[in-house]
Structures are given as C-alpha cells and as structure tokens.
Amino acid sequence: MAKLRVLVWNEFRHEKKNPKVKKVYPKGMHDVIAKALNKDKGIKATLAALDDFEHGLTEEVLKNTDVLIWWAHGAHKEVKDEIVDRVQKYVLQGMGLIVLHSGHFSKIFRKMMGTSCILTWREAGEKERLWVTQPGHPIAEGLPEYFELKHEEMYGEFFDVPHPEALVFTSWFKGGEVFRSGLCYTRGKGKIFYFRPGHETHPTYYDKNIQQVLKNAVKWAAPVKNSAKIPEGVSVKPIEKI
Ligand code: ZN
C-alpha cells in the first residue's frame with residue numbers, strides 16, 4: 001500500500017528567534033512531529049515553512065499531499081491570501097487538514113470555520129488533563145481514558161467555532177477552565193481536525209500520547225479514494241427518464 005503523504009507546515013519563526021523555544025525544538029517543532037509520524041510504516045511526512053517559496057505550498061506540493069498539518073502563531077497575516085485560497089481548494093477536494101494549537105487563529109482555519117475562532121488563554125505553564133470524550137472515535141485509538149501534560153498554556157471557552165461533528169477530547173486545566181480540544185469537521189470532501197496542545201515553549205510534541213493522537217488523526221483525515229467529483233453548480237441531465 002502506498003504511504004500516506006503528510007506535509008508538516010510550521011511558521012518556524014519562534015524556534016529561530018526565541019532561545020527558549022530553540023532549546024526545546026532545535027530543528028523546529030515540525031521536525032519533531034514529522035519524525036514521530038515517520039516511525040509509522042504507513043506514513044511519509046515531509047516539512048514546509050512560512051519562509052519557503054510560496055510558503056512551501058505550491059500546486060505541485062499540494063497535489064502530492066494527502067494530509068496537511070498546520071502550526072502557526074505570530075505571523076498568520078504573512079500567509080498570502082492566494083495561498084490560503086489554494087489550500088482551501090485542496091481541502092475541499094479531499095486533502096486532510098490538521099490544525100494545531102495557535103493555528104486556531106490562522107487564515108486557513110478561520111476560512112474553513114467561518115467564525116471568529118476566538119478563545120481565552122493564559123500562559124502559566126499549568127497542568128492540562130485531556131479527557132477522551134468520544135472513546136469509539138478512530139482518533140482515540142490506543143489512548144487511555146485521559147492523559148496529562150505537566151506544563152501547557154491554557155486555552156479556555158468560549159471557543160468560537162461551529163459545533164463539531166465529533167468532540168474527541170476535552171481539556172481541563174489546573175486553573176479551572178475547560179476547553180473543547182479535539183474537534184472534527186468535514187468541508188467538501190476534506191476532513192479537518194483541530195487539536196489544542198502544542199505551545200512552543202513546552203515539549204508537548206515529544207509526548208507519546210500526543211504523538212499517538214497525531215498519528216491517528218493523519219489516518220482519519222486521509223482522503224477517501226473514489227471518483228466522485230464536487231458538483232460545480234452546473235445543470236445536469238436526469239439519469240432516469242422523467
Ligand atoms: Zn501558545
């Protein structure tokens with residue numbers, strides 16, 4: 001069977017500018033994520049970054065991508081609108097999209113959601129407990145009923161996103177807030193998964209449970225192969241005689 005082609009996209013600025021982040025992710029968090037995914041024989045993960053040519057998201061690259069993973073934070077505005085439109089086109093055609101952490105405010109996620117995607121936050125490095133709130137879902141495979149991250153940024157409700165088709169994880173934070181942290185959507189033929197953890201100063205993407213979630217999410221979001229085309233709003237002839 002052909003391997004799933006995963007493109008791990010990272011803004012890749014914090015790791016270069018902030019020594020604290022560089023210490024945790026010397027080659028970038030996308031590198032850590034891709035290495036974890038590549039341990040799976042069914043996945044081939046490669047890297048792209050904001051400062052690459054066309055943000056590393058050329059037609060050629062996207063044509064050969066099954067699932068795109070997106071981490072971004074401080075430079076959402078620098079992502080060119082025509083590239084966002086291009087990514088949207090591929091998602092609607094079936095490419096999977098996994099949006100991580102502060103990617104909630106990226107142009108592509110907000111475009112796919114159609115809402116403000118605002119939330120509340122606190123940087124206190126507090127404990128996060130992620131409850132599996134849909135244990136039968138493929139993204140929950142192999143996970144315990146809950147798992148914890150010792151230090152994370154807090155994201156709190158209200159998270160202004162459309163009601164999800166599946167709520168796989170719900171987070172609780174030591175400070176008392178809760179957050180819908182693993183959300184599934186469908187747009188066109190494409191599947192979208194938003195996953196909350198992953199603040200750049202914490203080693204979250206080295207965590208075994210987090211890596212398991214990402215692996216499961218890639219497999220879940222992969223395109224389904226069929227010959228159905230997205231209707232292009234044209235008048236059609238009847239299949240049966242009317
Ligand atoms: Zn953050």
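In the predicted model described here, the count of aromatic pairs comes to 12, where rings of Phe, Tyr and Trp (its six-membered ring) pair if their centres lie within 6.5 Å, and planes under 30 degrees apart count as stacked, over 60 as edge-to-face and the rest as tilted. One of these pairs, formed by tryptophan 9 and tryptophan 70, is stacked, with 3.9 Å from centre to centre and 15 degrees between the planes. This pair links distant parts of the chain, since tryptophan 9 belongs to strand β1 (residues 4-10) and tryptophan 70 to strand β3 (residues 67-71), 61 residues apart. Helices (H or I, at least four residues) and strands (E, at least two) are DSSP runs, numbered from the N terminus. Tryptophan 9 counts as buried at 1% relative accessibility, and tryptophan 70 counts as buried at 3%. Here buried means under 20% relative accessible area, exposed over 50%, and partly exposed in between (1.4 Å probe, protein chains only).

Residues are numbered from 1 along each chain as its sequence is written. As the model is predicted, local features need pLDDT of at least 70 and side-chain atom pairs count only at pLDDT 80 or more, whereas totals for chains, interfaces and linings use all residues; side-chain values use heavy atoms, with hydrogens and water left out.

Ring pairs also link Phe109, Tyr155, Phe159, Phe179 and Tyr194 into a cluster. Two charged side chains lie over aromatic faces: arginine 129 over tyrosine 146, at 5.5 Å from the ring centre, and lysine 191 over tryptophan 220, at 6.0 Å from the ring centre. The criterion for such a placement is that NZ of Lys or CZ of Arg is within 6 Å of the ring centre and within 35 degrees of the ring normal.

The zinc ion has as its protein donors His101 (NE2), Glu153 (OE) and His199 (ND1), which lie 2.0 to 2.1 Å from the metal. Donors are N, O and S atoms within 2.8 Å of the metal (3.2 Å for Na, K and Ca); water is not among the atoms, so sites may look incomplete. The spacing of the donor residues in sequence is H-x51-E-x45-H. Glutamate 153 lies in strand β6 (residues 146-156) and histidine 199 in the loop between β9 (190-195) and α7 (208-221), so this pair ties together parts that are 46 residues apart in sequence.

Histidine 199 is buried, with a relative accessible area of 3%. Its side chain makes a polar contact of 3.1 Å with that of glutamate 123 and another, of 3.3 Å, with the side chain of glutamate 200. A polar contact is a pair of N or O atoms within 3.5 Å; within protein, one must be able to donate a hydrogen and the other to accept it, and residues adjacent in sequence count only if both atoms are side-chain atoms. Leaving aside residues up to four places away in sequence, histidine 199 touches His101, Glu123, Glu152 and Glu153, contact meaning heavy atoms within 4.5 Å.

The donor histidine 101 is found in the loop between β4 (96-100) and α6 (107-113) and is buried, with a relative accessible area of 0%. Histidine 101 has a positive phi of about 45 degrees although it is not a glycine. A positive phi, of about 60 degrees, is also found at histidine 55, likewise not a glycine. Histidine 55 occupies the loop between β2 (43-49) and α4 (59-63) and counts as buried at 6% relative accessibility. In addition, a cis peptide bond with omega of about 15 degrees joins glutamate 157 and phenylalanine 158; phenylalanine 158 is placed in the loop between β6 and β7 (166-173).

Arginine 5, in strand β1, is partly exposed, with a relative accessible area of 34%. The side chains of arginine 5 and asparagine 64 are joined by a polar contact of 3.5 Å. Not counting residues up to four places away in sequence, arginine 5 touches Lys44, Lys63, Asn64, Thr65, Asp66 and Val67. The C-alpha atoms of arginine 5 and tryptophan 131, 126 residues apart along the chain, are separated by 29 Å.

Overall, the protein contains seven helices and nine strands, and 52% of its 242 residues count as buried. Among contacts between residues at least 6 apart in sequence, 71% join residues at least 24 apart. The C-alpha trace spans about 65 × 40 × 35 Å along its principal axes.
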